[in-house]
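Let's take a walk through the aromatic rings of this one. Have the viewer open and follow along.

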Amino acid sequence: MIILIIFLLVAVIVTLIVYNMHIQKKIESFQNLNERVTNLSVLQDFMKLAGEEDSVENKLKRMNEIVIEKYDIKYSTIVVFDGSEYVIKASNVDPKHHETLLNLHNEEIFQDSVNTATPKYVTIDNENEKLPYQKAEMGRAKSAMFFPLYIDNIYIGYWIMESGQMHAFDRTDTTIIEVVKDNIISVLKTVAYQDTIENIDRIDANTELHSAEYLYGRAKNIIDGYPTSSVCMFRIANIEEINERYGRHTGNYVIQEIAKIVRQRMAKEYIFVRYMGPRFVIVFSGVEEGAVEAFLKDMKDEMEELVILPENQNVQDDNQEVNEEQVDGASPLINMVVSTYYKGTGVEQLTKKLEEYIESAPKNEYQINFI
């Protein structure tokens with residue numbers, strides 16, 4: 001009887017073990033499926049993010065937030081070498097720790113990882129220890145995974161995720177995290193051109209205006225806040241004659257005064273840049289063509305009333321009447337062309353069309369054209 005009971009107990013135990021193994025396999029299968037779904041969701045979010053009209057800085061911050069949210073990571077930091085120094089592109093770590101995070105490539109524990117393009121996992125075994133790369137901080141991170149970032153076999157920086165728990169990544173499937181890393185690299189690669197455009201913008205020394213590149217980067221995010229906008233390109237049509245007759249210094253002064261007149265009339269949501277040479281562009285964000293005609297006419301009249309003496313004095317600034325027969329000064333003549341910009345289209349294509357139109361206009365044309 002006892003032998004029968006023992007046999008039954010053994011059979012029950014074996015059955016339970018087999019059942020538990022079956023359940024465990026189902027759980028692992030479900031986890032793998034869930035991980036695949038998560039990876040697909042992250043990839044979709046990244047692809048959508050890359051195509052959005054936003055600055056590179058905001059895109060990378062949002063990308064980091066997605067990683068933290070989807071994979072339940074405590075800390076995530078993306079560091080990129082910009083050609084001259086390492087820069088934190090995105091991080092949810094307190095700024096007081098940024099100096100440490102910016103120098104991880106110099107840490108001996110990570111150098112082999114950088115050289116071999118392989119991830120590195122570090123953790124502590126008791127509460128009195130700290131991670132090798134930590135300086136004064138003790139309680140913030142107790143385990144971390146470091147991933148060097150490469151684009152076309154060129155090292156560009158690293159991504160590090162950290163946890164406040166010891167051995168937090170012991171069971172982490174690194175192949176899954178590698179997918180996340182590859183997605184991060186894909187976004188970095190996608191926004192590289194945009195990053196170049198945003199950083200190539202310069203301030204013109206003569207007028208203190210942004211250059212044309214500003215239109216294609218940061219300004220586009222402002223303009224695309226509206227369905228349509230009016231874009232005006234104008235040219236000082238007689239600048240060559242002014243330079244020849246009065247000297248280039250006087251011509252530069254004319255350009256400065258023109259820029260000053262426009263700036264004084266600009267609303268804060270409008271964009272004004274020195275496009276190139278004697279050409280300027282004004283973007284009336286969210287304003288239709290018909291609403292800008294009177295504004296442009298008044299501004300054009302004010303510009304053409306300028307009289308700039310070779311001594312670089314605007315005689316009208318003295319509130320004195322100007323006798324044109326007695327005063328030989330430089331007066332600009334302005335040619336303008338206006339067209340409509342539609343959200344999401346190419347600003348550079350529109351400005352190129354305006355440039356071609358205004359440069360092909362007759363030399364004696366000084367008017368406002370709508371195309």
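Before counting anything, here is the yardstick: rings of Phe, Tyr and Trp (its six-membered ring) pair if their centres lie within 6.5 Å. Keep in mind that this is a predicted model. By that rule, a search of the whole structure turns up 13 aromatic pairs.

Start with Phe110 and Phe146. Their ring centres sit 4.3 Å apart with the planes at 15 degrees, so this pair is stacked; planes under 30 degrees apart count that way. What does the pair link? It connects distant parts of the chain, with Phe110 in helix H4 (residues 108-116) and Phe146 in strand E4 (residues 143-151), 36 residues apart. Phe110 is buried, at a relative accessible area of 0%, and Phe146 is buried as well, with 0% relative accessibility.

Now hop over to Phe284 and Phe295. This aromatic pair is edge-to-face, with 5.5 Å from centre to centre and 85 degrees between the planes. Phe284 belongs to strand E9 (residues 279-284) and Phe295 to helix H11 (residues 293-304), so the pair ties together parts that are eleven residues apart in sequence. Are these two rings' residues buried or exposed? Phe284 is buried, with a relative accessible area of 1%, whereas Phe295 is partly exposed at 23%. The cut-off explains the split, because buried means under 20% relative accessible area.

Finally, swing back to the stacked pair and look around it. Phe110 and Phe146 belong to a cluster that ring pairs build together with Phe81, Tyr86, Tyr133 and Tyr158.

Terms used:
Residues numbered from 1 in each chain as written. Predicted model: local features only at pLDDT ≥ 70, side-chain atom pairs only at ≥ 80, totals over all residues. Heavy atoms only, no water. Phe/Tyr/Trp six-rings, centres within 6.5 Å; stacked < 30°, edge-to-face > 60°. Helix = DSSP H or I, 4+ residues; strand = E, 2+ residues; numbered from the N terminus. Buried < 20%, exposed > 50% of the residue type's maximum accessible area, 1.4 Å probe, protein only.
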